[in-house]
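Student: I should like a close look at a single part of this structure, set within the architecture of the whole chain. Please give one connected account.

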Amino acid sequence: MSWQAYVDNNLVGSGRVQKAAIIGLQGGVWAASTGYSLSPEEQKAILQLHTHLDQTQASGFRLAGQKFFCLQGNDRSIYGKKQADGAVIVKTKQAILVAEYVAPTQAAEATVVVEGLADYLISVGY
């Protein structure tokens, strides 16, 4: 399956994620949903979120120009909120999954989709 298919079918296609991207740990966007653009600065910052959790939790993060507050984070997953909407960012062995959801979707509904894909990618070496 192509990286774009993971975004289109597994993330956005779930109906629980509105926008998503897969970023390689070495940099670069492997795939993104239509119209979802992460600036080079945002991509670089996303690659550092898990490394600098204290800063991430204190300052939050930006996705596609929008500021998110960090609700929780660990060395694998970071959860953010922007009013009623939110974001789930999950690190795998070779990539970072970035997903945004909008109300009325709840955090738990989007999280299970993104974490499930991350589990699968890790299981196959990505």
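Tutor: A helix is here a DSSP run of H or I with at least four residues, and helices are numbered from the N terminus. The model is predicted, and the part chosen for the close look is helix H4, which covers residues 107–123.

Thr 111 lies in helix H4. This residue has a relative accessible area of 17% and counts as buried, because the limit for that class is under 20%. Leaving aside residues up to four places away in sequence, Thr 111 is in contact with Tyr 79, Val 88 and Gly 116.

Helix H4 also packs against helix H1, residues 3–11: their axes approach to within 11 Å and cross at roughly 145 degrees. The crossing of H1 past H4 is right-handed. On the H1 side, the contact is formed by Trp 3, Tyr 6, Asn 10 and Leu 11, and on the H4 side by Val 113, Val 114, Leu 117, Tyr 120 and Leu 121. Sorted by class, eight of these residues are nonpolar and one is polar, with no charged residue.

The setting is a chain of four helices and seven strands, arranged from the N terminus as α-β-β-α-α-β-β-β-β-β-α. Its radius of gyration is 13 Å, close to the 14 Å expected from the globule rule for 126 residues, so the chain is as compact as a globular protein of that length. Of the 126 residues, 43% are buried. Among contacts between residues at least 6 apart in sequence, 47% link residues at least 24 apart. The accessible surface amounts to about 6300 Å², with 50% belonging to carbon and sulfur atoms.

Notes
Residues numbered from 1 in each chain as written. Predicted model: local features only at pLDDT ≥ 70, side-chain atom pairs only at ≥ 80, totals over all residues. Heavy atoms only, no water. Axes fitted to C-alpha atoms, helices over the stretch in contact; angles between N-to-C directions. Helix = DSSP H or I, 4+ residues; strand = E, 2+ residues; numbered from the N terminus. Left-handed = near helix turned anticlockwise from the far one by under 90°. Contact = heavy atoms within 4.5 Å. Nonpolar A, V, L, I, M, F, W, Y, C, P; charged D, E, K, R; others polar. Buried < 20%, exposed > 50% of the residue type's maximum accessible area, 1.4 Å probe, protein only. Rg over C-alpha atoms; globule rule 2.2 N^0.38 Å. Areas by Shrake-Rupley, 256 points an atom, 1.4 Å probe, with all protein chains shown as cover.
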